[in-house]
2 protein chains.
Amino acid sequence: MNNPLALSATMEDYLETIYTLKEENGVARVGEIAEKLNVKSSSVNSAIKQLTDKNLVVHEKYGYVGLTKRGDKIASEIKDKHNILFRFLTEFLLLDPKEAEKEACCIEHSISKKTFLRLTKFFKFLEEGLSTEKPKILQLFEVYIETGKRIQCDCETQEIN
Amino acid sequence: MNNPLALSATMEDYLETIYTLKEENGVARVGEIAEKLNVKSSSVNSAIKQLTDKNLVVHEKYGYVGLTKRGDKIASEIKDKHNILFRFLTEFLLLDPKEAEKEACCIEHSISKKTFLRLTKFFKFLEEGLSTEKPKILQLFEVYIETGKRIQCDCETQEIN
DNA sequence: TTTAAAATTTAGATTAGTCTAAAAATATAA
DNA sequence: TTATATTTTTAGACTAATCTAAATTTTAAA
């Protein structure tokens, strides 16, 4: 019943961290991964072992940690989920970026591909709006969050052209 | 560093399931909890032991499983998160209810109180709109999901009154 | 009321993910 | 280049959550 290819949230975090470190520093090392994830190097080691067995990570003893093609693909998908969630939390729910960052980290392992795609589509939809400013409804929501008051606007009731 | 009162997603699921069973049947029994969560009764047993130690659950041997006041409060908060996520996924992202249900189950353990409150506020905001129909932007998004086309509407650019 | 069936509990094994402590390898500095 | 410091690896313990199998208790039926 359970997909044997499915990764635990923990393993996804390892992949994502390796991916991020490679983006930031060009390479990823055991100690850095440990630091980012707030675990000990020995934990990183055993995770790497598992991910290597799954053909997602490459690693020669005492050397850099890398991603296979498959590992890289999975990592970037997780990263994409993270990013769209971050956008949603900051641009839409107007949460503090620091909080939103932590929150996205957490939720990224729970959302399905479909939800990810829908959220992505939503932002694409917003961006394809002619105007350069935010849609009225989000502007109103911002005011509502700050003041608790709902300014009226006829865009709510008017017909679609 | 880590909050000792924090519950694992697993323990939250147990609380929530007990809560739901009590809603549905008036009482909750070990076997029903096991069935809902797709685990064995022995697993339920050890979970109950832990939750009892934390003063969240009451249970006398071979009897019904109940929630303490604190347990009930926590369970209802989880349920609230679940419900608001379900609404977001179905009403806003227009996902299939069955999928949305599963997804909400998953995400409910990851979102913070703040995110929950913001989402709640967002729906309250929508409901306080004068019109009885959905806000224009969501109507447009629905069309966009179905057709890939973005119908123009001047509500995007007009001034707030 | 005794017996059979169903539900619950206990005991003990297993797995994933973590840790500590010690050993091994690599990098750095004198 | 040798000694020291840092990093990585290994070995083995621990915890949370699960399972199986067996024992116990409760429920229902004969």
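# Notebook: two chains and two DNA strands

I began with the residues close to DNA strand D, and sorting that surface by class gave me six nonpolar, ten polar and three charged residues. A reminder to myself before going on: this is a predicted model.

**Entry 1: DNA strand D.** Which residues come nearest to this strand? Of the 19 residues around DNA strand D, I noted Arg29(A), Gly31(A), Ser42(A), Ser8(B) and Ser42(B) as the nearest. Next I looked up the elements behind this surface. Helix H2 (30–37) and helix H3 (41–53) of chain A each give at least two residues, and so do helix H1 (9–25) and helix H3 (41–53) of chain B. H3(B) has the largest share, with five residues.

**Entry 2: DNA strand C.** I then turned to the other strand and asked which residues come nearest there. Around DNA strand C there are 19 residues, and Ser8(A), Val39(A), Ser42(A), Gly31(B) and Ser42(B) are the nearest of them. Two or more residues each come from helix H1 (9–25) and H3 of chain A, and from H2 and H3 of chain B. Here H3(A) supplies the largest share, five residues. I sorted this surface by class as well and wrote down six nonpolar, ten polar and three charged residues.

**Entry 3: H2 and H3 in chain B.** Both helices had turned up beside DNA strand C, and I wanted to see how they pack. Helix H2 (residues 30–37) of chain B meets H3(B) at an angle of about 110 degrees, and their axes are 8 Å apart. Angles of 65 to 115 degrees count as roughly perpendicular, so H2(B) is roughly perpendicular to H3(B). On the H2(B) side I found Val30(B), Gly31(B), Ile33(B) and Ala34(B), which meet Ser41(B), Val44(B) and Asn45(B) of H3(B). By class, this contact of H2(B) with H3(B) has four nonpolar residues, three polar and no charged.

**Entry 4: chain A as a whole.** How many helices and strands does chain A have? I counted up seven helices and two strands. Along the sequence their order is α-α-α-β-β-α-α-α-α. Chain A has 161 residues, and 27% of them are buried. Of its contacts with a separation of 6 or more, 43% join residues 24 or more positions apart.

**Entry 5: confidence.** I checked the pLDDT of chain A, which averages 89, with 89% of the residues at 70 or above. Residues 155–161 of chain A fall below 50, although this stretch has 21 contacts in the model beyond near neighbours in sequence. Where pLDDT is low, predicted coordinates should not be read in detail. I left the stretch there.

**Entry 6: two single residues.** I picked Lys114(A), which sits in helix H6 (residues 113–127) of chain A. Is Lys114(A) buried or partly exposed? Buried would need 20 or more other C-beta atoms within 10 Å, and exposed 12 or fewer. Lys114(A) has 15, so I wrote it down as partly exposed. Setting aside neighbours within four places in sequence, I found Lys114(A) in contact with Leu95(B) and Glu99(B).

My other pick was Thr20(B), in helix H1 of chain B. With 17 other C-beta atoms within 10 Å, Thr20(B) is partly exposed. I also looked up its distance to Lys40(B), which lies 20 residues away along the chain: the C-alpha atoms of Thr20(B) and Lys40(B) are 18 Å apart.

Note on methods:
Residues numbered from 1 in each chain as written. Chains lettered and ligands numbered in written order. Predicted model: local features only at pLDDT ≥ 70, side-chain atom pairs only at ≥ 80, totals over all residues. Near = placed C-beta within 6 Å. Helix = DSSP H or I, 4+ residues; strand = E, 2+ residues; numbered from the N terminus. Nonpolar A, V, L, I, M, F, W, Y, C, P; charged D, E, K, R; others polar. Contact = placed C-beta atoms within 7 Å. Axes fitted to C-alpha atoms, helices over the stretch in contact; angles between N-to-C directions. Parallel < 35°, antiparallel > 145°, perpendicular 65-115°, else oblique. pLDDT = per-residue confidence, 0-100.
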